[in-house]
Amino acid sequence: MHYSHSVKDRRMNEASVVEIRLARHQGALLRELSEKYGVTMGHISRIAAGEMYPTYGGPLTQDHYKSQTHCLRGHEYTSENIVIKHGRRNCRRCKNELDNARRMKKRADAKAGA
Ligand SMILES: [Zn+2]
C-alpha cells in the first residue's frame, strides 16, 4: 500500500485525537495510526505526547494512568494481565488482540499481493 503521496497533516477533530492517544497508550504503532488517520507518523507522535491539541481530551498525564485499575477497554489490571513495556503498564489482553489483528492483516496483505 502506498500512502506517502496522499498523507497530509490535516486538522484532527477531538474524537480522533483522543482515540489516537488511547491507542498509543495501548501500544499501537505510529505507522498503524498514521495509516488509519491519514497523517504522518510525526504528527501522531506529537498528538500522543500532547504537543499538538493539548486541550483536546483533557491533560494527558502518567499519574492519570497510574491510578487506573482497568485498561481503557475495561480489562482488569492483574499481575497476569500486565505487561511492563518502557516502564509503563500495558494490558496483555489488548496486546494479544492487537497482535492477532496485525497477524490477520499481514496474512490478508500477503494474499492480496500474491
Ligand atoms: Zn485491555
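## Helix α5

Helix α5 is hardly covered: one of its 22 residues counts as buried. The helix covers residues 92–113. Its end C-alpha atoms lie 31 Å apart, against an expected 32 Å at 1.5 Å a residue, so the two values agree.

## Model and confidence

This is a predicted model. The chain's average pLDDT is 78, and 81% of the residues reach at least 70. Confidence varies by element. Helix α2 (residues 30–37) has the highest mean pLDDT, 94. Helix α4 (residues 62–66) has the lowest, 45.

Two stretches stay under 50. One is residues 1–7, with five contacts in the model beyond four places in sequence. The other is residues 61–66, with one such contact.

## Overall layout

The chain holds five helices and two strands. From the N terminus, the order is α-α-α-α-β-β-α. Of its 114 residues, 12% count as buried. Take the contacts between residues at least 6 apart in sequence: 51% of them join residues at least 24 apart.

## The nonpolar core

Which residues form the largest nonpolar core? There are nine: M12, V17, I20, A23, L33, V39, I44, I47 and A48. Helices α1 (14–25) and α3 (41–48) each supply at least two of these core residues. In soluble globular proteins, nonpolar side chains tend to be buried together.

I20 shows how the core is connected. Beyond four places in sequence, I20 touches L33, Y37, I44, I47 and A48. Of these partners, L33, I44, I47 and A48 are core residues too.

R21 sits in helix α1. Is R21 buried or exposed? R21 counts as buried, because 21 C-beta neighbours lie inside 10 Å; the cut-off is 20 or more. R21 and S45 are 24 residues apart along the chain, yet their C-alpha atoms are separated by 9.2 Å.

## Helix α3 and its buried face

The buried residues of α3 are H43, I44, I47 and A48. Why do they line one face of the helix? Seen down the axis of α3, they fall within an arc of 130 degrees, so they share that face. An α-helix has 3.6 residues a turn, so residues three or four places apart point the same way.

The cover over the buried residues of α3 includes α1 and α2. G50 follows α3 and has a positive phi, near 85 degrees.

## The hairpin and C91

Strand β1 (residues 82–85) and strand β2 (residues 88–91) run antiparallel, joined by four bridges. Two residues lie between the strands of this hairpin. H86 takes a positive phi there, near 50 degrees. I82 has C91 in β2 as its bridge partner.

C91 lies in strand β2. Why does C91 count as buried? C91 has 24 C-beta neighbours inside 10 Å, so it counts as buried. Setting aside neighbours within four places in sequence, C91 is in contact with Q26, C71, H75 and N81. C91 and E80 are eleven residues apart in sequence, and their C-alpha atoms are 9.4 Å apart in space.

How values were computed:
Residues are numbered from 1 along each chain as its sequence is written. This is a predicted model: local features need pLDDT of at least 70, side-chain atom pairs count only at pLDDT 80 or more; totals for chains, interfaces and linings use all residues. Two strands pair if DSSP finds at least two bridges between them. pLDDT is the predictor's confidence in each residue, from 0 to 100. Two residues are in contact if their C-beta atoms, placed from the backbone, lie within 7 Å. A nonpolar core is a set of buried Ala, Val, Leu, Ile, Met, Phe, Trp, Tyr and Cys residues joined through C-beta atoms within 7 Å. The arc is that of the directions from the helix axis to the C-beta atoms. The expected span of a helix is 1.5 Å times one less than its number of residues.
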